[in-house]
Amino acid sequence: MSAPIPTAFVDRYTSLSDQQRMRFDVQYQAEAKSPDVGLICAVFGVFYFYMGNIGKALLQLASYVLVIGVIWWIITIVNAKKEVIAHNTTIAQRILAGLV
């Protein structure tokens with residue numbers, strides 16, 4: 001699944017040269033996460049593994065033994081897409097800064 005470019009960067013993206021746009025596309029698609037996959041991962045309790053935050057993932061899985069884990073799981077499901085979009089925004093900012 002291809003992750004869309006955050007809307008805040010569409011104008012800047014379209015102002016890039018063809019070569020810069022190609023470099024951006026390759027790097028962004030390699031690093032960006034899909035909000036839909038993030039939501040599915042959140043439902044199954046593996047969202048933070050998907051995001052590459054292994055420490056938080058292990059802490060969350062360990063906390064499932066306690067009721068706190070269930071609450072955290074619900075909060076994760078609610079916030080999953082927002083966190084993925086924030087992650088993708090950070091990637092876009094970093095890549096664009098390197099291209100200019």
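These are legends for a set of views of a predicted model, starting with the whole chain and moving in on two helix pairs and three residues.

**Figure 1. The whole chain, an all-helix affair with six helices and zero strands.** Reading from the N terminus, the elements simply go α-α-α-α-α-α. The C-alpha trace covers about 50 × 20 × 20 Å along its principal axes. The radius of gyration comes out at 16 Å, while a compact globule of 100 residues would sit near 13 Å. Of the 100 residues, 32% are buried. If you take the contacts between residues at least 6 apart in sequence, 67% of them link residues at least 24 apart.

**Figure 2. Helix α3 packed on helix α6.** Here α3 (residues 35–43) lies against α6 (residues 67–99), with the two axes 8 Å apart and an angle of about 165° between them. Angles over 145 degrees count as roughly antiparallel, and so that is the label for α3 and α6. Their crossing is right-handed. On the α3 side, look for Pro 35, Asp 36, Gly 38, Leu 39, Ala 42 and Val 43. Facing them from α6 are Trp 73, Thr 76, Ile 77, Ala 80, Lys 81, Val 84 and Ile 85. Sorted by class, this α3–α6 contact has nine nonpolar residues, two polar and two charged.

**Figure 3. Ile 77, a residue of helix α6, seen with its partners.** Leaving out residues up to four places away in sequence, Ile 77 touches Leu 39, Ala 42 and Val 43. Those three also appear among the α3 residues that meet α6. Val 43 is 34 residues away from Ile 77 along the chain, yet their C-alpha atoms are separated by 6.1 Å. Is Ile 77 buried or exposed? Neither, quite: its relative accessibility is 24%, so Ile 77 counts as partly exposed. The cut-off for buried is under 20%.

**Figure 4. Helix α2 crossing helix α6.** The axes of α2 and α6 come within 10 Å, and they cross at roughly 145°. This is a right-handed crossing too, as it is for α3 and α6. From α2, the residues making the contact are Gln 20, Arg 23, Phe 24, Gln 27, Tyr 28 and Glu 31. From α6 come His 87, Asn 88, Ile 91, Ala 92, Arg 94, Ile 95, Leu 96, Gly 98 and Leu 99. The class tally for α2 with α6 is seven nonpolar, five polar and three charged residues.

**Figure 5. Glu 31, in helix α2 (residues 18–31), and its contacts.** Once neighbours within four places in sequence are set aside, Glu 31 is in contact with His 87, Ile 91 and Arg 94. All of these belong to the α6 side of the α2–α6 contact. Take Ile 91: Glu 31 is 60 residues from it along the chain, and the C-alpha atoms of the pair are separated by 7.4 Å. With a relative accessibility of 27%, Glu 31 counts as partly exposed.

**Figure 6. Gly 98, a residue of helix α6, shown with Gln 20.** Gly 98 is one of the α6 residues in the contact with α2, and Gln 20 is one of those on the α2 side. Along the chain the two are 78 residues apart, and their C-alpha atoms are separated by 9.9 Å. How does Gly 98 count, buried or exposed? Its relative accessible area is 54%, so Gly 98 counts as exposed.

Terms used. Residues numbered from 1 in each chain as written. Predicted model: local features only at pLDDT ≥ 70, side-chain atom pairs only at ≥ 80, totals over all residues. Heavy atoms only, no water. Axes fitted to C-alpha atoms, helices over the stretch in contact; angles between N-to-C directions. Helix = DSSP H or I, 4+ residues; strand = E, 2+ residues; numbered from the N terminus. Parallel < 35°, antiparallel > 145°, perpendicular 65-115°, else oblique. Left-handed = near helix turned anticlockwise from the far one by under 90°. Contact = heavy atoms within 4.5 Å. Nonpolar A, V, L, I, M, F, W, Y, C, P; charged D, E, K, R; others polar. Rg over C-alpha atoms; globule rule 2.2 N^0.38 Å. Buried < 20%, exposed > 50% of the residue type's maximum accessible area, 1.4 Å probe, protein only.
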